[in-house]
Amino acid sequence: MRDLEFEIRSGGTVRIDLEKCESCESKACVKICNTPGMGEILELKDGVPSLKPTLDEVKRGACTEDLACELECELHGNKAIVITLPLPQLDEYLRDLSETPTYLRGR
Amino acid sequence: MARLFEYQGKSLFKRKGIPVPEGKFVQSLDEAMEVADELGFPLAVKAQVFGGGRGKAGGILFAEDRESLSQAVNGLLGKRFRGASVEGLLIEQKVAIRKEVYMAVTADPSTRQPVGIVSPKGGVDIEETSEREPTAVFRVSIDILRGFYYYDAMNLLRQGGGLESREMLSLANLFTSLYQVYREYDCKLAEINPLALTDRGAIAVDARVDIDDDALARQTSLHLDVAEEAGERVATLLEIAAGTIDENDHRGSVHFVQIDPDGSYAGAEGRVSIGFDCVGAGTSLTTMDELVPVGYYPINFCDSSGNPVGSKLYRITKIIMAQPQIEGYVFVSCVSSQQLDNTARGIIKAFKELYPASGGQPNIPSILVFRGAWDDVALDLFREHGISDGRWIKVLGRDTTEKEAAGIFDALYKEWKESGGLE
């Protein structure tokens, strides 16, 4: 598996499965990332997404964490992007919770 | 503002040489007995909770022997004061008080300087004393570049009167130490009330220390959780979780406080608990004003500002939805400059993770009102991702008022309830 993985400012990671990207026709992630107001950190290199800034620059905030690449890829691409945004204190809260949150109940 | 418990405040006093009674923080009877073995009797048993009037409310008891200590510990641990449960006690040597003085260093927003305050009428609410007997409270503004010296403290103490020279000498030294606590730990308030004068000298019987939130990042030695100020209670786990969102990322901010953490107030008032998120605190208040009269109660307050990145909205939405009592979700933005398409993306990602089976369509009545920059894109995104098609969600645009939003939510909730709610 060939991945492009990078850390982001708020504490999380973006992982792009480049094998899936090879057959993607839309390259929606690169398009949305280069829309005015977005991070403009992705570019196409050898037909797959690549980072314009260095990994360190991305981690220091070049990635604007708008989440658009993941959502656009899900709609128009090959579902190749996973953004992981950990919140350990919430996990801890949910682990100790005696009641079930409503999103896990009914319907 | 991060408020410290009395025992934490006293540990800072101790570091700067301010005398405090010998004591230890305990969370069980066994631990309390160990402290008694070490310190002997008589002992003071003090509930570690925030809020004034603790003594009058029965939060401070005295123990003369092991039996009365056992009664005091069992009587206080788990007891509720102003809605907060007592999770720990400070057990310390009882002090034989001869005279009580008030002493504090706090921030004065009007002069933008620290102010030293002293009053010979210690042991009571200083605000009350200040109103009832303004001539009994003495203040001096402190120039932080110049500092606060022994003779400055002496000048102030002399104004207070009622003190012997020997007492003033030791109090002046102690006052400069209190100023050091204030400065070194980035306090908003460092207060000793009462500062007891005893046969063995002055001793801080109580401690109130409030740290400036904005300085917590550099006060790592205090090991404090960052959370929005929640009045006189300890921050909840969800508030602490929310406090971490802005910790390393200052691109916009989110503010989250649980107004009714267990939904008990809403329940007692016969109102429906809902999760709540807003862009703009003013809109938040006007929306609450419309929701409450029709039977709903936002059990949390949440506001985002400064154009936060989408990941912040994702995280805060997961926190809001984690409140198990909620039977509805309301998001309303003011006509803001916040990039609402990114706000929408954060919420969409959270909804998709929370409701994977329905592709992000919530199972509780939810309305989202986007008004402001990129609001049309926000609406399109919810449509494109198929979330707007959900039976229990309405995604609305800039032509919706707060009153209309509350009415639409009310109708949606009633339909949802009639069809069985979560059953």
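Student: Which elements of chain B do the buried residues of helix 1 pack against?
Tutor: Let's start with who is buried in this predicted model: E6(B), Y7(B), G9(B), K10(B), L12(B) and F13(B) of helix 1 (residues 6-15), where buried means 20 or more other C-beta atoms, placed from the backbone, within 10 Å of a residue's own. Helices are DSSP runs of H or I with at least four residues, strands E runs of at least two, numbered from the N terminus. Contacts need C-beta atoms within 7 Å, and the partners in chain B are strand 2 (23-26), strand 3 (43-47), strand 7 (89-93), helix 6 (165-184), strand 12 (201-204) and strand 13 (208-211).

Student: Good to know! How are residues and chains labelled, and what pLDDT do local features need?
Tutor: Residues count from 1 along each chain as its sequence is written, while chains are lettered from A and ligands numbered from 1 in the order written. Side-chain atom pairs count only at pLDDT 80 or more, totals for chains, interfaces and linings use all residues, and local features need pLDDT of at least 70.

Student: Which residue stands opposite M103(B) in strand 9 of chain B?
Tutor: Strand 8 (residues 99-108) of chain B runs antiparallel to strand 9 (residues 113-119) of chain B, with 7 bridges joining them; pairing takes at least two DSSP bridges. The two form a hairpin with 4 residues between them, and R112(B) in the turn has a positive phi of about 55°. Opposite M103(B) in strand 9 of chain B is V118(B).

Student: And which residue of strand 11 of chain B stands opposite A104(B)?
Tutor: Strand 8 of chain B also runs antiparallel to strand 11 (residues 187-198) of chain B, again through 7 bridges. There, the residue opposite A104(B) is E191(B).

Note on methods: A residue is buried if 20 or more other C-beta atoms lie within 10 Å of its own, exposed if 12 or fewer, and partly exposed in between; C-beta atoms are placed from the backbone. Two residues are in contact if their C-beta atoms, placed from the backbone, lie within 7 Å.
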